[in-house]
Amino acid sequence: MAAQPDHAQLDHPQKSHLPFWMLLMLAWRNLWRHRKRTIITLSSIAIGFGLAVLSIGIGDGSHNSLIRNAIKLGEGHLTVQPRGYIEAPANHKYLANGLLLSEKLEALNLPGSIEPRISLQVLSSTPSNSVGAALEGLSHQNDPRVDMLKPQLVTGHWIEAGDLRGIVIGEGMARKLKAKVGSKIVVMAGKKGGDSQAQLGRVRGIFKSQVTEMDDYLILSDTQFAQHFLEGEGADTTKQPVTRFAIFLDHPDTLYHWKNVIKTMVENKDVIAMDWQEMMPQLVQFIAIDDAGNYVFLILILIMVVFGVLNTVLMSVLERTREFGLLRALGLSRRSLLMLVFCESLILSLLAIVVGWIVGGGIHLWFSQHGIDFTAIMGEGGNVMMGSFMDPIIYTELSWDRVTQLTSIIFIVTLASGIYPAIKAARVTPVEALRT
Amino acid sequence: MALLTLKGIGKRYRQGELEVNALSDIDLEVKEGEFAALVGPSGSGKTTLLNIIGGLDASSEGTTHLNGIDISGLKEAQLSNFRLFQLGFVFQSYNLVPVLSALENVELVMVLQGRHKNESRQRAQHYLELVGLKNVMQRRPSALSGGQQQRVAVARALAAGPRLVLADEPTANLDSENATALLDIMHTLSHEEKTTFIFSTHDPRVMDRAERIITLQDGKIVSDELHEHEH
């Protein structure tokens, strides 16, 4: 039965197109026509993907280690402090009614802890020497900074509850002041009017944190010890004046939620709430620069992937010129031919993602559990930078954002690599192709 | 009324500095159901003429009407649809899609036509049986002999229900036995299906099966005569 002459058939937009199921079937079979080549391409993409996952995982793991330590050693995920303090710290800038603020913050019942702190610029002196120092009055029961530094004690013990004279200093300061456990240190602070005030502290312990800024300049005391200096600035100690509240969240991903809540609640012309990124802009900048280095590595991997896919699909297109000529002669539209080759790239990229995640995910899972030991490079104390330190054993970390980002990038790049071969295939003219 | 009408067809192309006349002043009419052979030596223009009739190549001058359609004026997409619905092709070699089975190769064109999958399958099976390939339908081309592959191509060309089947040296790569068998199948189906066949050849065995022999030489028709078939 012959088809009837029908001019309308000629302009029918739906004809000459392969249905999707056949497009997929043909693309799948074409992809496996050269099994070895496809496997080699997939392997190279998977290895590249694995390396990218490992590189990003190590990068994020080390950055997060740096951030976690910086937050613990520093001022928490969020800080409530006097407005203008960070720009120009001074002893007379404090939160006069710490009690009221503390009650407000406690009323939020946020998952985490709220630590009152008093930071003062002081001069510490022994009969041997005098050095500038930062006095930190803090709660010794809960403060994460205490948890971080307590294991770093090299001699003596930590300040006990009710010890209003006890101080803990870093090894650098102890060396400069020629102080040891039991030594008396005069801590002196200037007052706003120009006078000075002093208190006597006794060294209970000496720590070595590896962070030079802390070891050389930090004096830790109870809040009450430090509060005496604020009293000298005119503060009412019954209102528990503090320099800041350091807020540590159990779930760091809720940071921006709590930041907004706290900002709304406490901010006014005198008080400001800041997150750790605002408190430590140098650390954020360092991570951004380090991330840029990782992206360069990722780009190199992507170039490898692009050439892998381009080579496979383009070779397969060039080899099939005659076949494409046949299909075009039989009535297959250019668009369908383009879609067919593009579909091959699509399947290749989907396979690459799956195989890539099996390899990359496997590598990540292993190193996220067992870590990579960089002790030989960093030393026991880890790598110190930007006022924090990186743990010497790095556990790879990948957030869902990173998973989505990596998957999308590899998918898009792989798919884009198929565009040129697809266009080349669609340009085949039957008569020339059949002559080849 | 003729199924195919060629008027003043010429084809020129440049070869370096030279302009070559591949075809000139071709006037031809082919009626429905004819089983015609284009014969002539290599380079006489047989394939070029078939390509123009099939809408695979454009003529430099003249008009081609098939089934009332002037294909000289069709656009690219229209030509695809034209080939899909009006024509069947059998080429000298590389006729089949290697990743598809014989059955799928025959179904392919019908699927492109938008026919239902079941209908395409049934017709494909029917035509493969007609060409004697019932037992090898699921095989891929690489597992078929040259003769079997050409028979699949004939089944594919006919299953889609074309008005005209163009075959360019369909037996060139076949041995005598397979060539004769293929020609017999084409001839039989041409009559049974009332489908017009035009095939190019310089194989005397093929010419012998033709009912009409159109002879080309240097791009011109030098003779056009009916041939008494021996069967």
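Colleague: A residue is buried if 20 or more other C-beta atoms, placed from the backbone, lie within 10 Å of its own; 12 or fewer make it exposed, and counts in between make it partly exposed. What percentage of the residues in chain B is buried?

Modeller: This is a predicted model: local features need pLDDT of at least 70, side-chain atom pairs count only at pLDDT 80 or more, and totals for chains, interfaces and linings use all residues. Residues are numbered from 1 along each chain as its sequence is written, while chains are lettered from A and ligands numbered from 1 in the order in which they are written. Chain B has 231 residues, and its buried share is 52%.

Colleague: Which element of chain B has the lowest mean pLDDT?

Modeller: pLDDT is the predictor's confidence in each residue, from 0 to 100. Chain B has a mean of 89, with 98% of its residues at 70 or more. Strand 9 (residues 212–217) of chain B has the highest mean, 94. The lowest, 80, belongs to helix 7 (residues 204–209) of chain B.

Colleague: What ipTM does the predictor give the complex?

Modeller: Two scores are given for the complex. The pTM is 0.71, and the ipTM is 0.90.

Colleague: What is the radius of gyration of chain B?

Modeller: Chain B has seven helices and ten strands, which are DSSP runs (H or I, at least four residues; E, at least two) numbered from the N terminus. The radius is taken over C-alpha atoms, and the globule rule is 2.2 Å times the number of residues to the power 0.38. For 231 residues the rule gives 17 Å, and chain B is close to that, so it is as compact as a globular protein of that length; its own value is 17 Å.

Colleague: And what radius of gyration does chain A have?

Modeller: Chain A holds 17 helices and 14 strands. Its C-alpha trace spans about 110 × 45 × 30 Å along the principal axes. A compact globule of 436 residues would come near 22 Å, but chain A has 33 Å.

Colleague: At what angle do helix 11 and helix 13 of chain A pack?

Modeller: Helix 11 covers residues 281–319 of chain A and helix 13 covers residues 334–370 of chain A. Axes are lines fitted to C-alpha atoms, for helices over the stretch in contact, and angles run from 0 to 180 degrees between N-to-C directions. The two axes lie 11 Å apart, at an angle of about 145°.

Colleague: Which residues of helix 13 of chain A does helix 11 of chain A meet?

Modeller: Two residues are in contact if their C-beta atoms, placed from the backbone, lie within 7 Å. Helix 11 of chain A brings Val309(A), Thr312(A), Val313(A) and Val317(A); on the helix 13 side of chain A stand Val341(A), Glu344(A), Ser345(A) and Leu348(A).

Colleague: Is Leu50(B) buried or exposed?

Modeller: Leu50(B) sits in helix 1 (residues 46–53) of chain B. Beyond neighbours within four places in sequence, its contacts are Leu38(B), Leu166(B), Asp168(B), Ile198(B) and Ser200(B). With 21 other C-beta atoms within 10 Å, Leu50(B) is buried.

Colleague: How far apart in space, C-alpha to C-alpha, are Gly74(A) and Val317(A)?

Modeller: Gly74(A) lies in the loop between helix 3 (35–73) and strand 1 (78–82) of chain A. Leaving aside neighbours within four places, Gly74(A) is in contact with Trp276(A), Met279(A) and Met280(A). Gly74(A) and Val317(A) are 243 residues apart in sequence; in space the C-alpha separation is 59 Å.
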